[in-house]
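User: Hi! I'd like to learn how to read the cysteines and the overall fold of a model like this one. Could you walk me through it?

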Amino acid sequence: MTSTPPITPDDVRDAAARLKGVAHRTPVLRSRTLDGLVGAEVFLKCENFQRVGAFKFRGAYNAASRLTPDQLTRGIATYSSGNHAQAVALAARELGTTAVIVMPEDAPPSKRRATEAYGAEIVTYDRYTGDRVALAEALAAERGLTVIPPYEHPHVMAGQGTAALELLEETGPLDALVTPVGGGGLIAGSGTIAKELYPRLRLIGVEPEAGDDTKRSLEAGRRIEIPVPKTIADGQALHTPGELTFSVNQRLVDAIALVGDDEIRDAMRFAFERLKIVVEPSGATPLAALLSGRLGALPARVGVIVSGGNVDAERFARLCGDAG
């Protein structure tokens, strides 16, 4: 762990000011049906309505907008399975620079197409055998690019935390906040601001069962590495938490729940049929944890960050079309 926190609540507030008028202030959705099923008041922060369809734009733009004119002239690099790729590509376009994205070969085609549509160059790799960080850093060194990683960066974490800040500004006190956990940037940024505003709030992360690296790491008191997981929640298919994010989450996270792929499918279907929103698998994991009872008895008021909705029609139909 680092000796001092890599981000503070003021960093999140500063990011919010920087994002004002650039990122969408996404809606908070309520459902009496959902409340009745889970026995709590649930407030869904719908980042599937964010620019690029996911919360990732917040962190990418917050980091990219702080680059020097010289850095912007030379361009940005990153590595991502999809949502951060799109976010960096759009942030680069907004700021008048270019982006090179290292993306796994098996990334959802819709995410790749969207990333290319924002003007980014894509370099592919095999997620099960390749080292995306090393590849991105080599490209950056060769071309003079600045790397903006998906989560392992203070400005990225602070930007992601603005989703929780907006949620709490709208709802007031919450007893618990539930977020997906991949690399840990969203829950780190969210927890940083949420725990300052409401110290008794429980911060709960949700991972796919096959990708429980953060849960294992928190239990062990150190970062644990697992084989790259195979799960429909591609945005959470990571083998170890980030070093910076883990240093924050060790202090702030109260619990990690796990959900199976079938529970994720059920949550996606519920969101579509009952809430009338499209949610991608990674974005559905917190809702899956609520609906499946994986969180146990819930407190009175629960906030949920629905992190994204980037799933194409064909994949959505394949995942959710057959209730059997």
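Analyst: Happy to! Let's begin with one cysteine: Cys46 has a relative accessible area of 1%, so this residue is buried. Keep in mind that the model is predicted.

User: How do I read its bonding state: which cysteine sulfur is nearest to that of Cys46, and how far away is it?

Analyst: The general idea is to look for a pair of cysteine sulfur atoms within 2.5 Å. Here, a search of the whole structure finds 0 disulfides. Cys46 is in none, and the nearest cysteine sulfur, 16 Å away, belongs to Cys320. That distance between the sulfurs of Cys320 and Cys46 is too far for a bond.

User: And is Cys320 buried or exposed?

Analyst: Buried means under 20% relative accessible area. Cys320 has 8%, so Cys320 counts as buried. Across the protein, 60% of the 324 residues are buried.

User: What does the radius of gyration say about the overall shape?

Analyst: The idea is to compare it with the value for a compact globule. For 324 residues that would be near 20 Å, and the protein has 18 Å, which agrees. The C-alpha trace spans about 55 × 45 × 40 Å along its principal axes.

User: What share of the contacts with a separation of 6 or more joins residues 24 or more positions apart?

Analyst: Such pairs account for 73% of those contacts. The chain that makes them has 14 helices and 10 strands.

User: Last one: how much surface is exposed, and how are the charges placed?

Analyst: About 12,900 Å² is exposed, with carbon and sulfur atoms supplying 48% of it. The protein has 36 positive and 40 negative charges, and their mean positions lie 4 Å apart.

Terms used
Residues are numbered from 1 along each chain as its sequence is written. This is a predicted model: local features need pLDDT of at least 70, side-chain atom pairs count only at pLDDT 80 or more; totals for chains, interfaces and linings use all residues. Side-chain values use heavy atoms; hydrogens and water are left out. Helices (H or I, at least four residues) and strands (E, at least two) are DSSP runs, numbered from the N terminus. The radius of gyration is taken over C-alpha atoms; the globule rule is 2.2 Å times the number of residues to the power 0.38. Buried means under 20% relative accessible area, exposed over 50%, partly exposed in between (1.4 Å probe, protein chains only). Contact means heavy atoms within 4.5 Å. Accessible areas come from the Shrake-Rupley method with a 1.4 Å probe; for residues, only the protein chains shown count as cover. Lys and Arg count as positive and Asp and Glu as negative; His and the chain ends are not counted. The place of a charge is taken as NZ of Lys, CZ of Arg, CG of Asp or CD of Glu.
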